[in-house]
Amino acid sequence: MRQEFAARPATAEELELLPLDVPFEPFAVPGTDRPLVSIVIPVYGKLAYTLACLRSLARHGARAPFEVIVVDDASPDDSAELLARVTNLRLLRNTHNLGFVDSCNAGAAAARGEFLLFLNNDTQVTAGWLDALLACFAERVDCGIAGARLVYPDGRLQEAGGLVFADGSCWNTGRFEDRDAHAYQYRRRTDYVTGAALLVRREIFDRVGGFDTRYRPAYYEDTDLAFSIRQLGLAVYYQPASLVVHCEGITSGVDIGSGVKQHQVTNQATFAAKWAERLALQPPAGTPLDRAIHWHARGRILVVDVTAPDPMRDSGSLRLCGILRLLDRQGWSTCFFPDDRRTTGQDMRALGELGCELLAGEDLPQWLRQHGRELDAVFLCRHTVAGQYAGLVRRHAPQARLVFDTVDLHFLREGRAAELAGHAGLARQADASRRSELRLIEQCDVTLVVSAHEQNLLSELLPGARVELLSNIHEVHGCRRPAGERRDLVFIGGWGHPPNADAIRWIANEILPRLREALPDLCVHMLGDMPEEARHELARPGLELHGRVPDLEPWLDGCLASLAPLRFGAGVKGKINMAMSYGLPVVATTVAVEGMQLADDIDVLVADEAPAFVDAVLRLSGDATLWQRLSEHGLENVRRHFSPEAAAGTLERILGSSTP
């Protein structure tokens, strides 16, 4: 009530809405003979809103080709005459007023696109809105409908997906809330989305018979469509990355006691009768909204790590994003808390695309006190994080399965670094990490490691602990260029990880000079974060320091081989997995390939001294058969051990029941 009656501007300036009081001048909307999407806009008068909607489509466009179909439902004003002057617009004219349902079905029947986008005429779209909706279908194989984040012109949230209760009543999730609140910034399954901005495949729309005409002239047809499509085994997704401004009630008003709006009441009864069996599975009327939102989820999972994951920053982030993606596919509702409490809009959007809510600005102990009893599992990543929160989780979420994700065994990596450096202080740190990690493994229900070597080591140290292998997760991209079309070498890894910094120095000081004696034109490309002082230290001919790059593909498709000269470390090396997922052969140390099921001269070339790295590169540059064998075997290694399917099986084992 406070939000509803608070004084606020009629329109939010940051939305940059187009004005309604603009004299008509002919203009064009995007058009094509081969649209991927057909945008269907039913109109009944309110010409100024329709023109603003069309101008917003012209203003923002989309990467995907689309056509615009306006169905004029016998408007009482001069809408049809003026709309006929909009270039590329396909205008259909009903001879008499049919209503929303029949107008939408008529537009769908005339559509040429693979997808149908039903859009109200009292909307204005924003940049990227349509491509974001299409991304739902590209990234979620079960997507049957995708709906936008709808906001009022004053900037408040209007709808973040819709809820349906057991009596057939509905609620717009997030209504009147802050449109940028973290609770509404992640993509998720929902009961339905309103027809104000709804994307569906035309084939699926036709298969269920379009909008059911028993809801003529309007209301509940979109909810009914969602239930019909869910009955096919598909899902309805709310997509926050698609932002659409909707002037709710412009055509039909908001009074459910009169006009077209009164059909909302009668059609609820029609809907409840048609879907009585299905509605029995919906939350009872009066269920708290935060419970209703997660009603159909398999359960809730909290994930905590040091910082928000960035797949372009490090291998651990890439793996965690893969885990979050799989949890979403398996039907879990997930939320993520960064222990450093540093979050950006980009972090929220990136996690939102994985179906994960970012707990921005939250205090984790307080959050656990409020929501701990709702959790089915908690993943604590790295012993520095798990040590802080394991006790809190046990206290406030005793029913939750507590999972300790080591990421890699820190004590193993630190112990090897201490041995290489001969440093007593590092050895003491490694011993402290060992005690901490082993104590946490004993306390937690399940511990995750990334390599078979670490799993075997822990089985010896703590035979009673449950330790599961969940390694790196990589899509298999395949090899796209033969050896004869490639040149140079690549190293993937940021300077901030000590094993990487040591490897980069070793390349620069010992390996590269020897390589350039044999191959004077050869370059090594370094891809990863690097501070300015390190750049000055490493500057030399043949060493290209690119820093963090948005896409690794050009180098993985173009280089002859990837180097992994790691002299200490633990876990599985993402730089090796990533290269092999593109069919790029790898030259690596024994430590680097540990626990990765790789055999020297079959899957990888192993070298532990600088001259051996030179010999391996020379072999690859002169032996196309060897190069091809390593490429093919590397790809098969990723498929067998590091694919999403392998990781999904582990997650199913450890989360198959909701209690430890």
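**Figure 1. The largest nonpolar core of the predicted model comprises 63 residues.** The structure shown here and in the following views is a predicted model. Within this core, the residues with the most contacts are I507, V524, L543, I576 and L620. Helix α18, spanning residues 498-518, gives the most to the core, contributing nine residues. Another core, of 40 residues, lies apart from it and includes L83, L117, A235 and V244. In the largest core, V524 touches L489, I507, L512, G542, L543, E544 and L563, with residues up to four places away in sequence not counted.

**Figure 2. N105 is a buried residue of helix α4.** Helix α4 covers residues 100-110 and holds N105. The relative accessible area of N105 is 19%, and N105 therefore falls under the 20% limit for a buried residue. Leaving aside neighbours within four places in sequence, N105 is in contact with F205, G210, F211 and T213. Between N105 and P42 there are 9.8 Å from C-alpha to C-alpha, although the two are 63 residues apart in sequence.

**Figure 3. T589 is a buried loop residue.** The loop that holds T589 runs between β24 (586-588) and β25 (605-606). T589 has a relative accessibility of 2% and so counts as buried. Its contacts, not counting residues up to four places away in sequence, are W506, A564, P565, L566, V606, A607, D608 and F613.

**Figure 4. Two buried cysteines, C356 and C444, lie in a structure with zero disulfides.** A disulfide is a covalent bond between the sulfur atoms of two cysteines. For C356, the closest cysteine sulfur is that of C335; the two sulfurs are 6.7 Å apart and therefore too far for a bond. The relative accessible area of C356 is 1%. For C444, the closest cysteine sulfur belongs to C381, at 11 Å, which is likewise too far for a bond. C444 has a relative accessible area of 9%.

**Figure 5. Helices α15 and α16 pack in a roughly antiparallel arrangement.** Helix α15 (residues 410-421) and helix α16 (residues 424-443) have axes 8 Å apart and pack at an angle of about 165°. This angle is over 145 degrees, so the pair counts as roughly antiparallel. Their crossing is left-handed. On the side of α15 the contact is made by H410, F411, E414, G415, A417, A418 and A421, and on the side of α16 by L426, A427, Q429, A430, S433, R434, E437 and L438.

**Figure 6. Helices α22 and α23 are roughly perpendicular.** The axes of α22 (residues 610-622) and α23 (residues 624-641) come within 5 Å and cross at roughly 105°. That angle lies in the range of 65 to 115 degrees, which is why α22 is described as roughly perpendicular to α23. R619, L620 and G622 of α22 meet A624, L626, W627 and L630 of α23. Of these residues, L620 is also among those with the most contacts inside the largest nonpolar core.

**Figure 7. Backbone geometry is shown at P217, F176 and Q597.** Most residues other than glycine have a negative phi, and most peptide bonds are trans. The peptide bond from R216 to P217 is cis, with omega near -5°. P217 is placed in the loop between α6 (202-207) and α7 (221-231). F176, which is not a glycine, has a positive phi of about 75°. The loop between β9 (170-172) and β10 (188-190) contains F176, and this residue is partly exposed at a relative accessible area of 22%. Q597 has a positive phi near 55° and lies in the loop between β24 and β25. With a relative accessible area of 37%, Q597 is partly exposed.

Methods:
Residues numbered from 1 in each chain as written. Predicted model: local features only at pLDDT ≥ 70, side-chain atom pairs only at ≥ 80, totals over all residues. Heavy atoms only, no water. Core = buried A, V, L, I, M, F, W, Y, C linked by side-chain atoms within 4.5 Å. Buried < 20%, exposed > 50% of the residue type's maximum accessible area, 1.4 Å probe, protein only. Helix = DSSP H or I, 4+ residues; strand = E, 2+ residues; numbered from the N terminus. Contact = heavy atoms within 4.5 Å. Disulfide = S-S within 2.5 Å. Axes fitted to C-alpha atoms, helices over the stretch in contact; angles between N-to-C directions. Parallel < 35°, antiparallel > 145°, perpendicular 65-115°, else oblique. Left-handed = near helix turned anticlockwise from the far one by under 90°.
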